[in-house]
Every structure is written in structure tokens, then in C-alpha cells.
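Work through the exercises below with the model open. Try each task before reading its solution.

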Amino acid sequence: MIAETVCSAVSAAGLGIAVVTAYRKRFLTAARLAAYSLVPVGLVMTGVVGWLADTALSPTAWAGFGVLGAAWLLFAGTRAVERRRGAGGRTEPGAVAPAASAPSLGGTTRPASRPAAGTPGAAPRADGSAEDFSDIEAILKKHGI
């Protein structure tokens, strides 16, 4: 009841301001003010204001919003974990790591220390697994970096 009264008062005040604006020969602005002023009355007449008032004061509705929020957090969390794992966390026999040149089946030994691949003077490794950065270096040199 109070919400309907407040909406009616807001609409009446807006229409009064629209009349004053039209009196000042600003008809386009007056028409916009009248349109905005009629929205609260329209919402009351369609029942939206009553539904919002019932929802805002209902503990069941707020519990429902909480459940929806928890569901959204679960969806977002599982999506983030899935992206972090990549390919949904599934591994196949003989699968190759994204940056590897040979299947990572275990049992291979790595040298104790090696220079980083991007550092100048880093020689390719003997087993041929070093990546070729010559095209990237050419692009960087072209741009003076």
C-alpha cells in the first residue's frame, strides 16, 4: 500500500515538473519528463511493485537468491578449475605436454642445469627438444627491441 502511494506521488510530482517545463517552451524535455513520470504508475498498475514488495520482505525469496548465488559460484568454480587443468583434466596414454616435443612417458633424465631457452647464447639441447625462436627474434629485431 505504501509503495503504491509513493509511486503515485512520484508520478504526480514528475508530471507537475513536466507541465512547468512545457510552460517554459521546452516541449521535448517536458515530453521526456512526462514519460519518465508515468513509469512508476505503470509499474503499480501491472502489479510489478506489489510483487517486488512481496519478494523483498519474504525470507523464502532471499533464501532462493542465496541458493542461486551458491549455484553460480559452483558453476564458476568448476569452470575455473577446468580451464586451469586444460582439456578437462583428462589424460590419455602417450599424451604429449603442450610444450613438449616428445611424449612425456617418464624415465627420461634431464641435465642438472641448462640455460633458459630465451637467453642469448643458449645452445639447443643435444636431444633436439629446444624450440626454435629465430622467427620471434627476427620480429623483435624488426621492431628494434
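**Exercise 1. At what angle do the axes of α1 and α2 cross, and within what distance do they come?**

Some ground rules come before the solution. This is a predicted model, in which local features need pLDDT of at least 70, side-chain atom pairs count only at pLDDT 80 or more, and totals for chains, interfaces and linings use all residues. Residues are numbered from 1 along each chain as its sequence is written, and side-chain values use heavy atoms, with hydrogens and water left out.

Step 1. Identify the helices as DSSP runs (H or I, at least four residues), numbered from the N terminus.
Step 2. Fit axes as lines to C-alpha atoms over the stretch in contact, and take angles from 0 to 180 degrees between N-to-C directions.
Step 3. The two axes come within 8 Å and cross at roughly 170°.
Step 4. α1 is therefore roughly antiparallel to α2 (over 145 degrees).

**Exercise 2. Find which residues of α1 are buried, and how they are arranged.**

Step 1. Check the length. α1 covers residues 2-23, and its 22 residues should span 32 Å at 1.5 Å a residue (1.5 Å times one less than the number of residues). The end C-alpha atoms are 32 Å apart, which agrees.
Step 2. List the buried positions (under 20% relative accessible area, 1.4 Å probe, protein chains only). They are Cys 7, Ser 11, Gly 14, Ala 18 and Thr 21.
Step 3. Look down the axis. The buried residues of α1 fall within an arc of 80°, so they line one face (directions from the helix axis to the C-beta atoms).
Step 4. Recall the helical repeat. An α-helix has 3.6 residues a turn, so residues three or four places apart point the same way.
Step 5. Turn to the face away from the buried side. Ile 2, Ala 12, Val 19 and Tyr 23 are exposed there (over 50%).
Step 6. Find the cover. It includes α2 (27-46) and α3 (48-56).

**Exercise 3. What does the side chain of Ser 37 reach?**

Step 1. Place the residue. Ser 37 lies in α2.
Step 2. Classify Ser 37. It counts as buried because its relative accessibility is 7%.
Step 3. List contacts (heavy atoms within 4.5 Å). Beyond its neighbours within four places in sequence, Ser 37 contacts Ser 11, Gly 14 and Leu 15.
Step 4. The side chain reaches the backbone oxygen of Gly 14 at 3.3 Å.

**Exercise 4. Is Thr 55 buried or exposed?**

Step 1. Locate Thr 55 in helix α3.
Step 2. Its relative accessibility is 14%, so Thr 55 counts as buried.
Step 3. Leave out residues up to four places away in sequence. Thr 55 then touches Ala 61, Trp 62 and Phe 65.

Technical notes
Helices (H or I, at least four residues) and strands (E, at least two) are DSSP runs, numbered from the N terminus. A polar contact is a pair of N or O atoms within 3.5 Å; within protein, one must be able to donate a hydrogen and the other to accept it, and residues adjacent in sequence count only if both atoms are side-chain atoms. Angles under 35 degrees count as roughly parallel, over 145 as roughly antiparallel, 65 to 115 as roughly perpendicular and the rest as oblique.
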